[in-house]
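Here are my notes on the model you sent, set out as numbered points. Please keep the structure open beside them as you read.

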Amino acid sequence: MYGRQSEDKFKAARERMLRYDLRGRDIADPRVLAAMADVPREEFIPPSHRSQAYSDGPLPIGNDQTISQPYIVALMTQELRVNPECEVLEVGTGSGYQTAILSKLAKKVYTIERFSDLAESAKTVLDKLGISNVEFYLGDGSNGWPAGRLPSSGCFDRIIITAGVPEISEPLVGQLADRGLIVAPVGGRTVQRLVACEKKTDKLISRTICDVRFVRLIGEHGFQQ
Ligand code: SAH
């Protein structure tokens, strides 16, 4: 897609990422590693930064937003414990890279983005990669997925929020299945705690994983700006 030499460079960079930045840390789930090996991250990076596609950090994707660091994508995915029966809701499509990783592990991914140009370009890349088990919605993800378009079970097995939130909003908790899991960065405007929560009889049991820095979720149940 980018010429033989670039393809080889991207492949080598992807292998280096898997070895040092993922397996070299605490990413051990073979399904997560296989998905990270399978999805060409360079496709999700704007041309200005494409050569850094596998660098160990976030990169700009336009609209003042960022694609998350590969390790954080892998860590959140690992904590989400997705299986092939799972219907997964993602809040914050962004580049669509995390969406693509989830699509390899889940039955279906439902993803919400507030910027139409980001949603459009994510959709274009996923189409190009032949990924067809993803449904897009343009709007405020803090309100959850539109009620009329929920999966037949009426809720999601997993929810991932890929922007910082002051708290996990009630509409999102309401759309999570009993025994379902949510992974999200929860906290302040610049620093948050990455948490993994399990829903048990309408309550979230929360566990902190590490400190993170995400862009803010802007919306009714998010930050105002
Ligand atoms: N997973 C993405 C992360 C993108 S950054 C990736 O790796 O590329 C977070 C994204 O959340 C941004 O694209 C931002 O526009 C989006 N976002 C912020 N507030 C939102 C909201 N209320 N609803 C849906 N998306 C939102």
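1. In what order do the seven strands of the open sheet lie? This is a predicted model, and in it the strands follow one another as β5-β4-β3-β6-β7-β8-β9, with mixed pairing. The edges are formed by β5 (134–138) and β9 (203–212), each of which pairs on one side only, and from one strand to the next the twist averages 15°. As general background, strands of a sheet pair through backbone hydrogen bonds, either parallel or antiparallel.

2. Within this sheet, β7 (residues 176–187) and β8 run antiparallel and are joined by seven bridges. To see the pairing at a single position, look at leucine 181, whose bridge partner in β8 is glutamate 198.

3. The helix α3 lies across β3 (87–91), β6 (156–161), β7, β8 and β9, and relative to β7 the helix α3 runs at about 155°.

4. The largest nonpolar core has 45 residues, and those with the most contacts inside it include Leu22, Phe44, Val82 and Val88. Several elements each supply at least two residues of this core, among them α1 (4–23), α3 (70–80), β1 (59–62) and β8 (192–200), while α3 gives the most, with seven residues. Apart from this core lies another, of 20 residues, including Leu172, Leu176, Ile182 and Leu217.

5. Which residues are in contact with valine 88, leaving aside its neighbours within four places in sequence? Among them are Leu80, Val82, Leu102, Phe156 and Ile160, and valine 88 is also in contact with Lys108 and Arg158.

Note on methods:
Residues are numbered from 1 along each chain as its sequence is written. This is a predicted model: local features need pLDDT of at least 70, side-chain atom pairs count only at pLDDT 80 or more; totals for chains, interfaces and linings use all residues. Side-chain values use heavy atoms; hydrogens and water are left out. A nonpolar core is a set of buried Ala, Val, Leu, Ile, Met, Phe, Trp, Tyr and Cys residues joined through side-chain atoms within 4.5 Å. Buried means under 20% relative accessible area, exposed over 50%, partly exposed in between (1.4 Å probe, protein chains only). Helices (H or I, at least four residues) and strands (E, at least two) are DSSP runs, numbered from the N terminus. Contact means heavy atoms within 4.5 Å. Two strands pair if DSSP finds at least two bridges between them. Axes are lines fitted to C-alpha atoms, for helices over the stretch in contact, and angles run from 0 to 180 degrees between N-to-C directions.
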